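New to this one? Here's a quick tour to read with the model open beside you.

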Amino acid sequence: MKLPGEEESGGMGPSVIYMVFGVTAFVLITVFAVFQGNQHKKGGSEYLKEVQKQKEEEAALEVVEEQLQEEEAPKLRAEDLDFWDMYPVDGEEADAPEAADNSFPDKTDEKPSSVGKTDGKSSYAEKAEQEREEQRQKEEETRNDPSTDGKHTLVTNRNGEDEWVLISPYLTKSTIDFTKIEDKAGLKRYMENGRETSYVGVDISKHTGKVNFTGLRAAGVDYVMIRLGSRGYSTGQISLDENFKENIEGAIEAELDIGVYFYSQAVSPEEAIQEANFVMQTLEPYRAHVKYPVAFDMEFVSNDKSRIEGLSREEKTTVTATFAEGMKAAGYVPMIYGDKEWLLKEVDLTKLQDYDVWLSQEEDIPDYPYRYTMWQYDTNSIVNGIDGGADLNICFVNYSER
């Protein structure tokens, strides 16, 4: 049955066909879009998974590298850690307050034992301190070594034993420059700026024998020290040297400068005065010719016992000073004769500083430390005017012009 206004048709019209096509296309497009969306979602998920997997692999590699670095790095030992110093060495009190001991009560049982470590550090410190102490001792020994400290001088005693004697800081030291001493014809001369400033001398006694004073003068001798007399080392008797008169008169005739010496064995100041008076009386006729010193010669006797053996150092010093003062009062120049041992050990030079010293030491360079004005450097030399061995001297002062 038809409705009013409808037209009959034998098939579908064009509009219907177009609509069907449009719906179909829409459906296909929708399905394709859904399919593409699903495909896109699937591809994105796999991408994220691959990125995550790569990050995990990189993290694993970093962990492996860190482990390798830790294995290659030097291992710290327990004793390398600074906190061990917080614990006291056995027998010492801790510097930290007692409250600090309870700061970490839960760690007390876990703290490694520091006994071995502390002992190790303590042992090293003790060794270092021991080495320092040994070094200090060596330095102290060097400072106290009398052969190198510059405060001692070596003395060979008459019994052959060596002894280091302390050098007094109160005595005037020798200033002789031995580089200026020259040997000319067997005689020592002190030269300054090409000019001789010393004087050649010999000392003589009856033991020298007959002396040719003119020959001495020709040999270059400037002065003679003549033994005037002596006191017997056992009898105590004073006697005039047997050749004194001949010697002094021969020296005067040869116009040599003259000094004398007396061999003493006085055991008291009274005997020293007696000896001084004897010398003054004997010299009176020759007083004007005696320009060089009057020397006091006290010494021990070789291979025998002398009167002065029992004297103390102080007593010998007093006897020496008594004789010297007697000579000084009479207007002569007093002088003390002796070898190094005698001067440094047998008398007290601090009490004899007012008198010149005549040193006897047969060395090329004497090591007597104090000032002296005359030096006997050879007791068995050859010189024109003396037969046999001669005692040679050099004087650093021209006493004839005093």
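**A first look**

With a relative accessible area of 36%, W164 is partly exposed. That tryptophan belongs to strand 2, which runs over residues 162–166. Keep in mind that what you're looking at is a predicted model. The protein has 402 residues, and 36% of them count as buried. Its secondary structure adds up to seven helices and 14 strands. Take the contacts with a separation of 6 or more: 62% of them join residues 24 or more positions apart.

**Around W164**

- Once neighbours within four places in sequence are set aside, W164 is in contact with P146, S147, H152, T153 and L154.
- W164 and K151 sit 13 residues apart in sequence, and their C-alpha atoms are 9.4 Å apart in space.

**Helix 5 and its two faces**

- Helix 5 covers residues 269–283, which makes 15 residues. At 1.5 Å a residue, helix 5 should span 21 Å, and the end C-alpha atoms are indeed 21 Å apart, so the two values agree.
- Which residues of helix 5 are buried? They are E271, A272, E275, A276, V279, T282 and L283.
- Looking down the axis of helix 5, you'd find those buried residues within an arc of 145°, so they line one face of the helix.
- Turned away from that buried side is a face carrying the exposed residues E270 and Q281.
- The cover over the buried residues of helix 5 includes four strands' worth of names to look up: strand 7 (223–231), strand 8 (238–240), strand 9 (257–264) and strand 10 (290–298). Helix 4 (244–253) and helix 6 (313–329) are also part of that cover.

**Helix 4, a neighbour of helix 5**

- The buried residues in helix 4 are F244, N247, I248, G250 and A251.
- Seen down the axis of helix 4, these fall within an arc of 160°, so they too line one face of their helix.
- What do the buried residues of helix 4 pack against? Their partners are strand 6, helix 3, strand 7, strand 8, strand 9 and helix 5.
- After helix 4 comes E255, which has a positive phi, near 60°.

**Two buried residues to click on**

- V260 lies in strand 9. Its relative accessibility is 1%, and buried means under 20%, so V260 counts as buried.
- Beyond its neighbours within four places in sequence, V260 is in contact with M225, I226, L228, F244, L283, P293, V294 and A295. In that list, F244 is one of the buried residues of helix 4, and L283 is one of the buried residues of helix 5.
- V260 and M335 are 75 residues apart along the chain, yet 9.9 Å separates their C-alpha atoms.
- S205 is in the loop between strand 6 (199–204) and helix 3 (213–219). Is S205 buried or exposed? It is buried, at 6% relative accessible area.
- Leaving out residues up to four places away in sequence, S205 touches R227, D241, N243, N247 and Y261. Among them, N247 is a buried residue of helix 4.

**Two exposed asparagines with positive phi**

- N193 is in the loop between strand 4 (187–192) and strand 5 (195–196). Its phi is positive, about 55°, although N193 is not a glycine.
- N193 is exposed, with a relative accessible area of 86%.
- N303 is in the loop between strand 10 and helix 6. Its phi is also positive, near 60°, and again the residue is something other than glycine.
- N303 is exposed as well, with a relative accessible area of 85%.

**The largest pocket**

- The largest pocket has a volume of about 1100 Å³.
- Which of its 41 lining residues are the closest to the centre of the pocket? They are D297, E299, F300, S302 and Y337.
- Sorted by type, the lining has 13 nonpolar, 14 polar and 14 charged residues.
- Helix 7 (residues 340–346) gives the most to this lining, with four residues.

Key:
Residues numbered from 1 in each chain as written. Predicted model: local features only at pLDDT ≥ 70, side-chain atom pairs only at ≥ 80, totals over all residues. Heavy atoms only, no water. Expected span 1.5 Å × (residues − 1). Buried < 20%, exposed > 50% of the residue type's maximum accessible area, 1.4 Å probe, protein only. Arc of directions from axis to C-beta. Contact = heavy atoms within 4.5 Å. 1 Å grid on protein atoms, 1.4 Å probe; cavity = no way out; pocket = protein on both sides within 12 Å on 5 of 7 lines; lining within 4 Å. Points joined across faces, edges and corners; volume = space filled by probe spheres on them. Nonpolar A, V, L, I, M, F, W, Y, C, P; charged D, E, K, R; others polar.
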